[in-house]
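Visitor: Could you give me a close look at one part of this model? I'd like to follow it from one element to the next, at a pace that suits someone who spends more time at the bench than at a graphics screen.

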Amino acid sequence: MSQTETSQFHQSANNAPKDSTQSSEGSGAQENHLLLVEDDKGRRVFPLEAPVYSLGRDPSCDIRLFSMFVSRQHATLRRQDVEGGFCRYQIVDGNLEGQPSTSGISINGRKINTYELKDGDQVMFPGSVSVKYYRLKPEEKKSGPLDPFDITLIDPSMLDD
């Protein structure tokens, strides 16, 4: 990803709606889950918040993939809650009824039926359709004494008189 694309991606991530089920207990920290889709229509970012998503070329799919080589109901994403109030997403080849797609999916170069997605995983669909998964964790706040060498420079023109 180029510097401009990375900047735009993180701006989209910061502006994405937050899901209260993804907050860490007591800290108010939240994580965001995103899919970056590249297909015949270009590049799009989808924030993930719902428990289930369908992916495919059918107009009824939650995340529509534009390629004539992708099955109508090609894959399914399922959210799974994990300890600490966080969640992860699992991708399954095929639809919710268990019917697999015609040509399958590969994750990080390996053909696979079911997989728990990790930050940076790339899912390839037929017809050069690429889906990249991002799990943006909350920033941890430093505790302890301040660094004496950490200084913040302020431009005087930024101050109101």
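Guide: Happily! Let's start at S128, which counts as exposed because its relative accessibility is 64%, and exposed means over 50%. Please keep in mind that this is a predicted model. S128 sits in the loop between strand 10 (122–125) and strand 11. Its backbone deserves a glance too, as the phi of S128 is near 60 degrees, a positive value in a residue other than glycine. For background, most residues other than glycine have a negative phi.

From that loop we can step into the sheet. It is an open sheet of six strands, in the order 2-1-11-10-7-8, and the pairing is antiparallel. At its edges stand strand 2 (42–48) and strand 8 (110–112); each has a single partner strand, so one side of each is left without a neighbour in the sheet. From one strand to the next, the twist averages 25 degrees. As a reminder, strands of a sheet pair through backbone hydrogen bonds, either parallel or antiparallel.

Now let's settle on strand 1, the part I'd like you to look at most closely. Seven of the eight residues in strand 1 are buried, so the strand is mostly covered. In the strand order, strand 1 comes between strand 2 and strand 11, and we can take these two partners in turn.

On one side, strand 1 and strand 11 pair in the antiparallel sense over seven bridges. Two pairs of facing residues help you find the register: N32 stands opposite L136 in strand 11, and L35 stands opposite Y133 in strand 11.

Just before strand 1 there is a side-chain contact to strand 11 as well. E31 forms a salt bridge with R135, with the closest N and O atoms 2.8 Å apart. This pair links distant parts of the chain: E31 lies in the loop between helix 1 (3–15) and strand 1 (32–39), while R135 belongs to strand 11 (residues 129–136), 104 residues apart. The two ends of the bridge also have unlike surroundings. E31 is buried, with a relative accessible area of 1%, whereas R135 is partly exposed at 23%. The cut-off matters here: buried means under 20%, so the 23% of R135 puts that residue in the partly exposed class.

On the other side, strand 1 and strand 2 run antiparallel and are joined by seven bridges. The two strands form a hairpin, with two residues between them. In this pairing, E38 stands opposite R43 in strand 2. Their side chains meet too, in a salt bridge of 3.2 Å from N to O. In general, side chains of opposite charge can pair when their charged atoms come close. R43 counts as partly exposed at 38% relative accessibility, and E38 is partly exposed as well, with a relative accessible area of 31%. So E38 is a strand 1 residue that does not fall in the buried class, since its 31% is not under 20%.

If you follow the chain past strand 2, you come to E49, in the loop between strand 2 and strand 3 (52–56). E49 is partly exposed, with 25% relative accessibility. To relate it back to strand 1, compare E49 with L34: their C-alpha atoms are separated by 8.9 Å, and the two residues are 15 residues apart along the chain.

Before we finish, look across to the other end of the strand order, where strands 7 and 8 lie. N108 is found in the loop between strand 7 (105–107) and strand 8. Like S128, N108 has a positive phi in a residue other than glycine, here near 50 degrees. N108 is partly exposed at 43% relative accessible area, while S128, at 64%, is exposed.

To put strand 1 together again: strand 11 pairs with it over seven bridges, strand 2 is joined to it by seven bridges, and seven of its own eight residues are buried.

Notes
Residues numbered from 1 in each chain as written. Predicted model: local features only at pLDDT ≥ 70, side-chain atom pairs only at ≥ 80, totals over all residues. Heavy atoms only, no water. Salt bridge = Lys/Arg side-chain N within 4 Å of Asp/Glu carboxyl O. Helix = DSSP H or I, 4+ residues; strand = E, 2+ residues; numbered from the N terminus. Buried < 20%, exposed > 50% of the residue type's maximum accessible area, 1.4 Å probe, protein only. Pairing = 2+ DSSP bridges. Axes fitted to C-alpha atoms, helices over the stretch in contact; angles between N-to-C directions.
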